Amino acid sequence: MTASKRAFITGITGQDGAYLAKLLVDKGYEVFGLLARRSTSTVWRLDYVGILDQITLIDGDLTDLSSLIRALKIAKPHEIYNLGAQSFVGSSWDQPILTGQVTAIGVTNVLEAIRLTDPSARFYQASTSEMFGLIQKEQQDEQTPFYPRSPYGVAKLYGHWATVNYRESFKLHASSGILFNHESPLRGIEFVTRKVTDAVARIKLGKQQQLALGNIDAKRDWGFAGDYVEAMWLMLQQEQPDDYVIATGITTTVRDMCRIAFEHVGLNYEDHVVIDPRYYRPAEVEVLLGNPAKAQAKLGWKATTTLDQLITMMVDADMKRVGAI
Ligand code: NAP
Ligand code: GDD
């Protein structure tokens, strides 16, 4: 138990934020989170993991440095996890400037807030396999050159290098997790796995007939978000800050992921999936495949949930949700 430690999480209302907050609460941390103002409540995931009444939410926004400084002065955290972002790749072409302000400049805002309040706090940046984009190596690791393919990927690359630069310039304990796609029943509905598992449930329960998708030949290295937040925490427990690829080391097409999801409820995806070019992207990341060897060697971290287990977990959760509507 690390009873006296305090953590501050931006993006606490998102998928990873909820799993990470739960992990830290279970480890005995006092957990604070940044709550961006929206017109409707955004805390359903924190409720789902059962910790809403065990954490402290502080109003603020990644684009507002003053709010971040105020939040850090209240929370006085030992560890800061920057998970907040405009994280949907598809939307980043429609809102490229907002994506840059939140996902790129937002990182510098957090780093500056740390410098101005307590530079001894440890920092985690949510970097991404999207930075590899047009892949320069069949299996990507920490040494693979980046080639982002979306305004989101470009913004994340800025955040990644800002993290490295503040580590080198100001000796901050700043680490960057280059995480490959990770999913869960708490995944946003716009991402392909959840879009599929939700549709599978609706089709099985007679509430929908078809599912329109884009490029189903794209390949992703998909893991379970619950496994991945453990890696974030492990990075901040190391004596030295560093960058780590977090992945399963297995890549699968969207098509095969669909097959698994439909088969779990006795359906054939080919009877229901239709291709709609509206879901094609202006520039696609065709394939991602990570090499998590460094994380395994240095952090002792390894993905434990298979894609079959993950997708069936998500279909089961959506069957419950859709059945209850
Ligand atoms: P997510 O579910 O989309 O959550 C994003 C979070 O960012 C939400 O809490 C959101 O708040 C918050 N946010 C958005 N704009 C903000 C702003 N201006 N100020 C403050 N907070 C803001 O994302 P996720 O899947 O949990 O991912 C967590 C992080 O890891 C993100 O940075 C993402 O880019 C990165 N990442 C994710 C994956 C993945 O496969 N999931 C892989 C690599 C990296 P609201 O709830 O109010 O919208
Ligand atoms: N969303 C979506 N919707 N994607 C589709 C669809 C569809 O209808 N049809 C095919 N796809 C393809 C996309 O073109 C992409 O190649 C793949 O499915 C995965 O798309 P997403 O689930 O939206 O995720 P992503 O890989 O673009 O981005 C996610 O992973 C990144 C890490 O690699 C996000 O979580 C990012 O925030 C994260 O950084």
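**Figure 1. The whole chain exposes about 14000 Å², and carbon and sulfur atoms supply 50% of that area.** Accessible areas here come from the Shrake-Rupley method with a 1.4 Å probe, and for residues only the protein chains shown count as cover. This is a predicted model, so to speak of local features pLDDT has to be at least 70, and side-chain atom pairs count only at pLDDT 80 or more, while totals for chains, interfaces and linings use all residues. Residues are numbered from 1 along each chain as its sequence is written, chains are lettered from A and ligands numbered from 1 in the order in which they are written, and side-chain values use heavy atoms, leaving out hydrogens and water. You'll find 11 helices and 13 strands in the chain (DSSP runs numbered from the N terminus: H or I of at least four residues for helices, E of at least two for strands). The radius of gyration is 19 Å, close to the 20 Å from the globule rule for 325 residues, so the chain is as compact as a globular protein of that length (the radius is taken over C-alpha atoms, and the rule is 2.2 Å times the number of residues to the power 0.38). Along the principal axes, the C-alpha atoms fill a box of roughly 55 × 45 × 40 Å. Of the 325 residues, 55% count as buried (under 20% relative accessible area; exposed is over 50%, and partly exposed lies in between, with a 1.4 Å probe and protein chains only). Looking at contacts with a separation of 6 or more, 80% come from residues 24 or more positions apart (a contact means heavy atoms within 4.5 Å).

**Figure 2. E284 and R220 form a salt bridge, with the closest N and O atoms 3.8 Å apart.** The cut-off for a salt bridge is a side-chain nitrogen of Lys or Arg within 4 Å of a carboxyl oxygen of Asp or Glu. E284 sits in the loop between β13 (273–275) and α10 (293–299) and R220 in strand β9 (residues 219–220), so this pair ties together parts 64 residues apart in sequence. Both E284 and R220 are buried. Bring E130 into the view as well: E130, R220 and E284 are linked in a network of salt bridges. The structure holds 15 salt bridges.

**Figure 3. Two salt bridges sit within helices: R259 with D256, and R321 with D318.** For R259 and D256, the closest N and O atoms are 2.6 Å apart. Both lie in helix α9 (residues 254–264), three residues apart, or about one turn of the helix. R259 is partly exposed at 32% relative accessible area, and D256 is partly exposed too, at 30%. In the other pair, R321 and D318 have their closest N and O atoms 3.3 Å apart. These two share helix α11 (residues 307–324), again three residues apart and about one turn. Here R321 counts as partly exposed at 25%, whereas D318 is buried at 0%.

**Figure 4. Eight aromatic pairs turn up in the structure, and two of them get a closer look here.** Rings of Phe, Tyr and Trp (its six-membered ring) pair if their centres lie within 6.5 Å; planes under 30 degrees apart count as stacked, over 60 as edge-to-face, and the rest as tilted. Y81 and Y124 make a tilted pair, 6.1 Å centre to centre with 40 degrees between the planes. This pair links distant parts of the chain, with Y81 in strand β4 and Y124 in strand β5 (residues 122–128), 43 residues apart. Y81 is buried at 0% relative accessible area, and Y124 also counts as buried at 0%. Y166 and F170 pair edge-to-face, 5.0 Å centre to centre with 65 degrees between the planes. Both belong to helix α6, four residues apart, about one turn of the helix. Y166 counts as buried at 10%, but F170 is partly exposed at 36%. Elsewhere, F132, F146, W161 and F180 form one aromatic cluster.

**Figure 5. Two lysines place their charged ends over tyrosine rings: K195 over Y279, and K294 over Y244.** A charge sits over a ring if NZ of Lys or CZ of Arg is within 6 Å of the ring centre and within 35 degrees of the ring normal. The charged end of K195 is 3.4 Å from the centre of the Y279 ring. For K294, the distance to the centre of the Y244 ring is 5.0 Å.

**Figure 6. K76 and K171 each have a positive phi although neither is a glycine.** Most residues other than glycine have a negative phi. K76 has a phi of about 45 degrees and is found in the loop between α3 (65–75) and β4 (79–82). K76 is exposed, at 52% relative accessible area. K171 has a phi of about 60 degrees and lies in the loop between α6 (151–170) and β6 (173–179). K171 is exposed as well, at 67%.
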